Amino acid sequence: MKRPFLFILFLYLSSIAFAQNALVRSGPMLGYSSMKEVGIWIQLEKEAEVKVRYWPVSNEKDKKETAIAKSQSGNSFICQLIAEVNPGIKYNYAIIINEKEIAFDYPLEFQSQSLWQHRTDPPDFKFALGSCTYINEPPVDRPGQPYGGNYEVFTSINNENPDFMLWMGDNSYLREVDWNSKTGIYHRYSHSRDVTEMQALLARSHNYAIWDDHDYGPNNSDKSFWNKKITENAFRDFWMNPNYNLTGKGGITGTFFWNDCQFFLLDNRYFRTANGRKTGEKEILGKAQIDWLINALKSSPARFKFIVIGGQFISNAAIHENHINLAPEERQEIIKLISEENIKGVIFLSGDRHHSELSKLDRKDQYPIYDWTVSPLTATAYEIEDEGNTLVLPGSMFGERCFGTIEVSGAYKERLLKLKLFNKDGKELWNFVIKAIDLN
């Protein structure tokens, strides 16, 4: 008589677990990591109470919990939770919804950053990067061949086990049906996040992001976009960068550290003049953001200073939305200020172009400035052609769906970067080494 009872009990408990799992739309996703806090994001299907239970990998008994968050319809049932941590520890974690633990078929783990300063050399680490994530939705996509595909690229990124992923714009593609309403904008962000192949990566690597035109507004959009406050709110809801609006004038400008590197997350849309303007100053970043950037670069103690921007900055091909084509004076002013302020270790990271390439600007009596463009992740790739960029390094151009990684390693005075480009299946296509001493 016990077997039927146990079977019924098993079915009952399984049904409860399934019901709780069905509450999760996407995530969990790891946001920023610091020495004392880690951000954790999750999107549910309806109203519920959620918290995170977490413990050091080395001490399962030392369990802590975040505060309880309640999902609400006003922001698409998104919850952002904060785990209070100690420096340099790896944690396992669990998602608890309505007091029931949720099962996932991939590891849930995060890390806090190490307190290495004045103690040791900075720890080695690796991060992944890419741009242009188009997720098909046939009823509202353009007719013809699907623009997105090869979502297995996210599995390949996860297999590289990066400490964090840097999403460099066009992380969602707003369609005509989306950008005129909050309902449409939040639907698009939700639809782009709700990808099976993406979930394991989100759950075990930390994530930082900027935007470009397609997750800001319409194609080639600028500061006149009428719903930019809504997309700004959506961006803050769907990502967990440690800060935003560092200009004090709106937008997503921010920064973060990872060990001895600082990342400057620029907003190339919020302050941008229209591409076709014939009068007035032509701007992409705007004076307030440039002033913040130069001050932040000058005061930064980082060995490498990564400037992350949606479009190509260093390329001298005066085409499309390249900086030199739309705002050449602004581009030159930034380069001049970096030189005059004697700012060391600057490297640009960019997206947008649907192909990948490394540009190198040699400067008289100064170190060269690099700009690594990595694109696309899942949007359609463009065939490689000679666009007139005389600064591109031979052999660095690839016109296929891909992602990059950067490994930062070595003793403090001998740090180096190893750039690697991979195809959608995780096959290495190209690599390149940059030494810190060569950016002095």
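Cys402 first. At 0% relative accessibility, Cys402 counts as buried. Keep in mind that this is a predicted model. Is Cys402 in a disulfide or in none? Cys402 is in no disulfide. The nearest cysteine sulfur belongs to Cys132, and the gap is 9.6 Å. A disulfide needs the two sulfur atoms within 2.5 Å, so that pair does not qualify. The count for the whole structure is zero disulfides. Cys79 is another buried cysteine, at 2% relative accessibility.

Now the strands. Start with strand 2, residues 37-44. Seven of its eight residues are buried, so strand 2 is largely enclosed by the rest of the structure. Which strands pair with it? Strand 1 is one of them: the two run antiparallel, joined by five bridges. They form a hairpin, with three residues between them. Strand 6, residues 78-84, is another partner. That pairing is antiparallel too, over seven bridges.

Follow one residue across. Trp41 sits in strand 2, and Met29 stands opposite it. Trp41 also stands opposite Gln80, in strand 6. So take Met29, Trp41 and Gln80 as a path through the three strands. One general reminder while you look at the side chains: in a regular strand they alternate between the two faces of the sheet.

Next, the backbone. Strand 1 spans residues 24-33, and Pro28 lies in it. The peptide bond from Gly27 to Pro28 is cis. Its omega is near 10 degrees. There is a cis bond from Ser375 to Pro376 as well, with omega near -5 degrees. Where is Pro376? In the loop between strand 18 (366-373) and strand 19 (402-409).

Two positive phi values next. Asn161 is not a glycine, yet its phi is positive, about 55 degrees. Look for Asn161 in the loop between helix 2 (153-159) and strand 11 (164-168). Buried or exposed? Asn161 is in between: partly exposed, with a relative accessible area of 44%. His320 is not a glycine either, and its phi is positive at about 50 degrees. The loop that holds His320 runs between strand 15 (304-309) and helix 8 (323-326). His320 counts as exposed, because its relative accessibility is 55% and the cut-off is over 50%.

One more loop residue. Asn59 is placed between strand 3 (49-56) and strand 4 (64-65). Asn59 is partly exposed, with a relative accessible area of 35%. Asn59 and Tyr91 are 32 residues apart in sequence. In space, their C-alpha atoms are 9.1 Å apart.

Last topic, the pocket. A quick general point: rolling a probe the size of a water molecule over the atoms shows where empty space is left. How much space lies in the largest pocket? About 750 Å³. The lining has 31 residues. Closest to the centre are Tyr147, Tyr173, His214, Asn219 and Tyr382. What is the make-up of the lining by class? Twelve residues are charged, eleven are nonpolar and eight are polar.

To recap. Cys402 is buried and in no disulfide. Strand 2 pairs with strand 1 and with strand 6. The cis bonds to look at lead into Pro28 and Pro376. For positive phi, go to Asn161 and His320. And for the largest pocket, begin with the residues closest to its centre, Tyr147 and His214 among them.

Notes: Residues numbered from 1 in each chain as written. Predicted model: local features only at pLDDT ≥ 70, side-chain atom pairs only at ≥ 80, totals over all residues. Heavy atoms only, no water. 1 Å grid on protein atoms, 1.4 Å probe; cavity = no way out; pocket = protein on both sides within 12 Å on 5 of 7 lines; lining within 4 Å. Points joined across faces, edges and corners; volume = space filled by probe spheres on them. Nonpolar A, V, L, I, M, F, W, Y, C, P; charged D, E, K, R; others polar. Helix = DSSP H or I, 4+ residues; strand = E, 2+ residues; numbered from the N terminus. Buried < 20%, exposed > 50% of the residue type's maximum accessible area, 1.4 Å probe, protein only. Pairing = 2+ DSSP bridges.
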